[in-house]
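Trainee: Could you take me closely through the sheet of this model, and then relate the sheet to what surrounds it?

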Amino acid sequence: FAGLYDFLYLPIDFNSGACLGYAFVNLVDPSHVERFWRTFDGFSRWTLPSRKVCRVSWSGPHQGLEAHIGRYRNSPVMHPTVPDEFKPVLFAQGCRVAFPGPSKAPRAPRIRRRGDGAGRHRKAGR
């Protein structure tokens, strides 16, 4: 599929560095969707042993390159403190190209530390 996609984003857990288990891929032309779907839906021959099976689905509400750029260009994941390998990437004819700069300053991502009590509320003074 080299050269057949122009956007790729593999969300990564900032604490563990592990993939969250899904990705966003934008194919350059709808004519490639059927073969992509056949190839990856049900894929399970991973390099590292795993019971995980790939499932392909449509992403909503963002469809198309411009929609993905619009979704992520001002996202916290594009903040300067986020390592490049955690960010979405763009391609033109199979070569990585620069992501358009933000139209406003992205806020820094909120990173939950393990064991920080995220999701639990404590009363002040306790």
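Mentor: Among contacts in the chain between residues at least 6 apart in sequence, those that join residues at least 24 apart make up 50%, a value that, like every other one here, comes from a predicted model. Of the 126 residues in the chain, 24% are buried. The chain holds two helices and four strands, and, read from the N terminus, its elements follow the pattern β-β-α-α-β-β.

Turning to the sheet itself, its four strands form an open arrangement with the order 2-1-3-4, and the pairing is antiparallel. Strand 2 (24-27) and strand 4 (95-97) lie at the edges, each of them pairing on one side only. From one strand to the next, the twist averages 25°. Helix 2 (residues 65-72) packs on this sheet, where it touches strand 1 (5-9), strand 2 and strand 3, and the direction of helix 2 makes about 30° with that of strand 1.

At the strand 4 edge, the pairing can be followed down to individual residues. Strand 3 (residues 89-92) and strand 4 run antiparallel and are joined by three bridges, and phenylalanine 91 is found opposite arginine 96 of strand 4. In general, strands of a sheet pair through backbone hydrogen bonds, in either a parallel or an antiparallel manner.

The sheet also contributes to the open space of the model, since strand 1 and strand 2, as well as helix 1 (33-40), each supply at least two residues to the lining of the largest pocket. That largest pocket encloses about 1200 Å³ of space. Its lining consists of 35 residues, of which Ala23, Phe24, Val25, Phe36 and Arg55 are the closest to the pocket's centre. Sorted by class, the lining of the largest pocket comprises 23 nonpolar, nine polar and three charged residues.

A further space deserves a look alongside it, namely the second largest pocket, which holds about 600 Å³. This second largest pocket is lined by 21 residues, and the closest to its centre are Tyr9, Ile12, Phe14, Leu20 and Arg110. The lining of the second largest pocket divides into 13 nonpolar, three polar and five charged residues.

To return to your request, the part to keep in view is an open antiparallel sheet in the order 2-1-3-4, with helix 2 packed on it, and with strand 1 and strand 2 each giving at least two residues to the lining of the largest pocket.

Notes
Residues are numbered from 1 along each chain as its sequence is written. This is a predicted model: local features need pLDDT of at least 70, side-chain atom pairs count only at pLDDT 80 or more; totals for chains, interfaces and linings use all residues. Side-chain values use heavy atoms; hydrogens and water are left out. Two strands pair if DSSP finds at least two bridges between them. Axes are lines fitted to C-alpha atoms, for helices over the stretch in contact, and angles run from 0 to 180 degrees between N-to-C directions. Contact means heavy atoms within 4.5 Å. On a 1 Å grid over the protein atoms alone, a cavity is a set of points where a 1.4 Å probe fits but cannot get out, and a pocket is an open set with protein on both sides within 12 Å along at least five of seven lines; lining residues have an atom within 4 Å of a point. Grid points are joined across faces, edges and corners, and a volume is the space filled by probe spheres set on the points. Ala, Val, Leu, Ile, Met, Phe, Trp, Tyr, Cys and Pro count as nonpolar, Asp, Glu, Lys and Arg as charged, and the others, Gly among them, as polar. Buried means under 20% relative accessible area, exposed over 50%, partly exposed in between (1.4 Å probe, protein chains only).
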